[in-house]
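Here are my notes on the model you asked about, written as numbered points. Have the viewer open while you go through them.

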Amino acid sequence: MDRHGFLRHMHRVYKPRTYLEIGVNDGRSLALSRAPSVAVDPAFRVVTDISCDVHLVKATSDNFFARKDPLIHLRNGRNPFRALARRDPANLLGGEPKLELSFIDGMHLFEYALRDFMNVERHSRWSSVIILDDMLPRDVDEAARDRHTTFWAGDVYKVAQVLRRHRPDLLVVDVDTAPTGVVAVFGANSESTVLKNAYDKIIEEYVVPDPQDVPQEVLGRKNAVRPEALLGAGFWPGLVRARNLRRSRSAFVPLRRQIEAITG
Ligand SMILES: C[S@@+](CC[C@H](N)C(=O)[O-])C[C@H]1O[C@@H](n2cnc3c(N)ncnc32)[C@H](O)[C@@H]1O
């Protein structure tokens with residue numbers, strides 16, 4: 001299964017009510033969304049039908065997140081949060097729309113993808129799902145910071161290493177999609193300051209010149225789950241229910257165990 005097949009099924013099993021995409025290109029991943037969406041790319045050239053209510057933002061993701069109210073579209077557009085807010089204003093968490101599914105596929109350099117993750121997490125809940133693309137390069141050339149291959153993953157795979165090391169509260173799942181693998185992150189915490197506080201040190205340690213020293217378990221996809229196994233797992237209805245009912249973070253504990261059982 002390729003990344004678009006994975007995303008298509010993700011939309012079906014998780015049924016997100018909001019979607020953020022960083023890196024749109026010709027619109028093939030955005031075309032899979034049916035939820036109110038925000039999509040960010042400084043140089044998009046959409047050539048395909050888009051079937052969702054979308055704010056298409058022509059900006060880098062850093063500039064987008066620096067805006068005062070970047071997700072204003074999800075508050076003011078045609079979206080389910082508005083209907084919910086009319087019935088139950090408290091449901092909006094102080095009026096802040098939250099991201100349920102995010103797909104990070106913008107600039108393929110570690111520090112950009114790390115900032116994208118940090119910014120996305122600030123607007124997510126524990127029940128959100130954050131997908132990062134190009135996390136399992138197949139060789140050292142594909143993982144180069146200086147692009148010289150047709151398929152280019154860059155060194156964004158290091159984001160997963162950093163999350164596992166600094167954020168054990170998150171569950172980071174490698175997924176064996178074609179061509180360059182994705183990672184799914186569960187358990188986001190919008191209030192965590194761990195990455196922000198350690199950011200300078202992390203950059204100093206992880207941003208190094210080519211060739212990159214890509215670990216064997218990344219190249220060999222040693223810990224990666226089959227996309228079909230993750231998407232077909234039994235925890236999805238429970239996660240969706242907990243998300244829709246706005247269950248507290250404690251509900252993540254049993255769900256996390258169920259997800260871990262699939263990933264081994
Ligand atoms: C691999 S393509 C996205 C593909 C698309 N998500 C899909 O699956 O069909 C990467 C895109 O990221 C965009 N990009 C590059 N730097 C970016 C940045 N700083 N912020 C947001 N997008 C960026 C590029 O313009 C390019 O269109």
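The points below cover the ligand site first, then the buried space, then some backbone details.

1. Keep in mind that this is a predicted model. Everything below is computed from it, contacts and volumes included.

2. Start with the ligand, which sits in the largest pocket. That pocket holds about 720 Å³ of space. Its lining runs to 31 residues, and the ones closest to the pocket centre are G23, N25, D105, G106 and H108. If you like to navigate by secondary structure, α1 (3-14), α2 (61-65) and α5 are the elements that give two or more residues to this lining.

3. What is the lining of the largest pocket like by class: how many residues are nonpolar, polar and charged? The split is ten nonpolar, ten polar and eleven charged. The shell around the ligand itself breaks down into seven nonpolar, eight polar and four charged residues.

4. Now for the ligand's neighbours. There are 19 residues around it, and H4, G23, S29, D41 and D105 are the closest. Two of these names, G23 and D105, also turn up among the residues closest to the centre of the largest pocket.

5. For the polar contacts, I'd check three distances. On the side-chain side, an N or O atom of R3 is 3.0 Å from an oxygen atom of the ligand. The backbone contributes as well: an N or O atom of G23 lies 2.8 Å from a ligand nitrogen, and one from the backbone of S61 lies 2.9 Å from a ligand nitrogen. As for coverage, the ligand on its own has 600 Å² of accessible area, and the protein covers 85% of that.

6. Next, the enclosed space. The structure has two cavities of 30 Å³ or more, and the largest cavity comes to about 50 Å³. Which residues line the largest cavity? They are I104, D105, G106, M107, H108, A113, D116, L132, D133, D134, M135 and V156. Both α5 (110-122) and β5 (124-133) supply at least two residues each to this lining. By class, the lining of the largest cavity has six nonpolar, two polar and four charged residues.

7. It's worth looking at D105, G106 and H108 again here. These residues line the largest cavity, and they are also among the residues closest to the centre of the largest pocket. D105 is one of the closest residues to the ligand too.

8. On to the backbone: two cis peptide bonds deserve a look. One joins A178 and P179, with omega at about -5 degrees, and P179 lies in the loop between β6 (171-175) and β7 (182-186). Another joins D210 and P211, where omega is also about -5 degrees. You'll find P211 in the loop between α7 (194-206) and α8 (216-219).

9. Finally, which phi values should you look up? K15 has a positive phi of about 45 degrees although it is not a glycine, and its place is in the loop between α1 and β1 (19-22). D134 is a non-glycine residue with a positive phi as well, at about 65 degrees. D134 falls in the loop between β5 and α6 (158-166), and it also helps line the largest cavity.

Conventions
Residues numbered from 1 in each chain as written. Predicted model: local features only at pLDDT ≥ 70, side-chain atom pairs only at ≥ 80, totals over all residues. Heavy atoms only, no water. 1 Å grid on protein atoms, 1.4 Å probe; cavity = no way out; pocket = protein on both sides within 12 Å on 5 of 7 lines; lining within 4 Å. Points joined across faces, edges and corners; volume = space filled by probe spheres on them. Helix = DSSP H or I, 4+ residues; strand = E, 2+ residues; numbered from the N terminus. Nonpolar A, V, L, I, M, F, W, Y, C, P; charged D, E, K, R; others polar. Near = heavy atom within 4 Å. Polar contact = N/O pair within 3.5 Å; in protein donor to acceptor, adjacent residues only side chain to side chain. Areas by Shrake-Rupley, 256 points an atom, 1.4 Å probe, with all protein chains shown as cover. Sits in = over half its atoms within 2 Å of the grid points.
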